[in-house]
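Hi,

Here is the structure I said I would pass on. Have a look at it first, and my notes on what turned up are underneath.

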Amino acid sequence: MNTHQITTPTGSTTSPVPEGPTTTAVPAGPAASAAPVSEGLAGVPLALTALKRRDFVSDQEVRWCPGCGDYSILSTFQAVLPELGIARENAVVISGIGCSSRFPYYMNAYGMHSIHGRAPAIATGVAIARPDLAVFVMTGDGDALSIGGNHLIHAMRRNINLTIILFNNEIYGLTKGQYSPTSAQGLVTKSSPMGSVDYPFNPLSVALGAGCTFVGRAIDSDRKGLDATLRAAAKHRGTSFVEVFQNCPIFNDGAYRDIKGPDAADHLVRLADGEPVLLGADGSRGVVRDPVSGALTSASVEEVGIDHILVHDSHREDPSLAFELSHLTDSGQITQTPIGIFRDVVKPAYDDMVRDQLTRAAGDHTSPEDRDDALQTLLNGVDNWTVTEDGQVIEN
Ligand SMILES: Cc1ncc(C[n+]2csc(CCOP(=O)(O)OP(=O)(O)O)c2C)c(N)n1
Ligand code: SF4
Ligand SMILES: [Mg+2]
């Protein structure tokens, strides 16, 4: 059976999520922290005193294997939260099941280690009910894309105000190494002794296909890039989806060896708004559109001229170019990939619109009794009938 546990900022004992902000937090406004109030975090109280990374470190023993990429994601995330300036008790980390999903135990914040694949659904409820909380979802490739695929795409489609971080190690780590929906075709695992025949998902293409309004990718070992992408994701209002390439040294070691080695710069395409999309450490090649096939391809900058190289714009409303960029990641053993922010567009968030409707529906019905009456009237509606014993239908 899966574990369901709520952790509190002071430890791991079970305790309900608090009803409202405590005295250590104030509504968004001047605070000790210099962090500006961003759209994504509007309504989340700020910390009264500046917080540090160690404030978000829990007293729980971290139980990941030595060398696991999850450590650097945890440490970077713990460093990003104080930069956001929000009160510690207003941060909530919700996970599913997997090695990566042990994350909430290690955060000195509220959290829930929930049900396999269901973290986006639980987080949706929290985000709707509590606009004063910054809600983060920690999930793995198996948790998010196998059993949880349905929940993930609908959270993104609805643009719920959540930050979803997918730890992609291309394997089921916790259950000891079965292939996952992101495993390279041909990967030999305990459940695919002759090599997996599955066609893998490209998680960013899934997110963009679902209409996700913020889509980014980072690498566990690239602290600077990870920090920048997580910070931008947290500040975005609506669903932010960040895929983190994470090494599992025990069951899928080296899945990202080409993009992490000494010549990693040759294999990475760092996306930056307003900048040409260049390949290789020396930037001698760039991304262009092939005039014949219409597909994105690469060409020598010297030959085509820098003005013909695609210029990145994550704020484009139309996601199709971001989708094409996500496909520049080769499948299988990854040797070339763009990283950074692929898409960052503004669109009303579902939870904001639902709360707005609730306020309007309540109208002048301010007392609980009034609201009960209004609800009853709504439930009775206009379309109801009484069927008499002799079969006559009378409209009420
Ligand atoms: C309903 C249910 N089905 C299956 C499992 C077994 N299970 C636990 S974790 C997991 C996969 C986790 O993989 P991933 O999300 O990639 O996390 P990782 O361990 O790699 O971080 C599975 C299949 C479960 N706990 N519950
Ligand atoms: S099995 Fe892999 S993913 Fe899980 S803790 Fe160990 S190294 Fe990390
Ligand atoms: Mg995994």
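Let me start with ligand 1: the shell around it divides into seven nonpolar, 10 polar and two charged residues. Please keep in mind that this is a predicted model. Of the 19 residues around ligand 1, the ones that come nearest are Gly 98, Gly 140, Gly 142, Asp 143 and Gly 173. Helix 3 is the top contributor to that shell, giving four residues.

Ligand 2 has a shell with another make-up: eight nonpolar residues, two polar and one charged. Several cysteines are in it, namely Cys 65, Cys 68, Cys 99 and Cys 248. Also around ligand 2 are Trp 64, Asp 70, Asn 169, Gly 173, Pro 249, Ile 250 and Phe 251. You will notice Gly 173 in both places, since it is listed around ligand 2 and among the nearest residues to ligand 1.

On to the overall layout. The domain assignment splits the chain into domain 1 (5–267 + 316–350), domain 2 (276–311) and domain 3 (364–395). Between the C-alpha centres of domain 1 and domain 3 there are 45 Å. UniProt, in an unreviewed entry, lists residues 97–244 as "domain: Thiamine pyrophosphate enzyme TPP-binding". That span is 32% helix and 19% strand, and its end C-alpha atoms are 17 Å apart.

Two helices are worth a click. In helix 4 (residues 149–158), the buried residues are His 151, Leu 152, Ala 155, Met 156 and Arg 158. They sit on the same side of helix 4, because they cover an arc of only 170° around the axis. As a reminder, an α-helix has 3.6 residues a turn, so residues three or four places apart point the same way. The cover over the buried residues of helix 4 includes helix 2 (119–129), helix 3 (141–147), helix 5 (203–209), strand 9 (240–245) and helix 10 (350–362).

Helix 2 has its own buried set: Ala 119, Pro 120, Ala 121, Ile 122, Ala 123, Thr 124 and Ala 127. Covering them are, among others, strand 4 (91–95), strand 5 (110–113), strand 6 (134–140), helix 4, strand 7 and helix 10.

Then there are a couple of backbone oddities. Most residues other than glycine have a negative phi. Asn 159, which follows helix 4, has a positive one near 60°. Asn 159 lies in the loop between helix 4 and strand 7 (163–168). Is Asn 159 buried or exposed? It is buried, because 23 other C-beta atoms lie within 10 Å, and the cut-off for buried is 20 or more.

Lys 176 is the other one, with a positive phi of about 80° although it is not a glycine. Its loop runs between strand 7 and helix 5. Lys 176 counts as exposed because it has 12 C-beta neighbours inside 10 Å, where exposed means 12 or fewer.

Last, Ile 341, which is in strand 14 (residues 337–344). Ile 341 counts as buried, because it has 24 C-beta neighbours inside 10 Å. Leaving aside neighbours within four places in sequence, its contacts are Gly 216, Thr 229, Ala 232, Leu 271 and Ser 314. If you want a distance to check in your viewer, Ile 341 and Asp 132 are 26 Å apart, C-alpha to C-alpha, with their positions 209 residues apart in sequence.

Cheers

Terms used:
Residues are numbered from 1 along each chain as its sequence is written. Chains are lettered from A and ligands numbered from 1 in the order in which they are written. This is a predicted model: local features need pLDDT of at least 70, side-chain atom pairs count only at pLDDT 80 or more; totals for chains, interfaces and linings use all residues. Helices (H or I, at least four residues) and strands (E, at least two) are DSSP runs, numbered from the N terminus. The arc is that of the directions from the helix axis to the C-beta atoms. Two residues are in contact if their C-beta atoms, placed from the backbone, lie within 7 Å. UniProt positions are given in the numbering used here, feature names are shortened, and annotations may be inferred rather than shown by experiment. Domain bounds come from an automatic or database domain assignment. A residue is near a molecule or strand if its C-beta atom, placed from the backbone, lies within 6 Å of it. Ala, Val, Leu, Ile, Met, Phe, Trp, Tyr, Cys and Pro count as nonpolar, Asp, Glu, Lys and Arg as charged, and the others, Gly among them, as polar.
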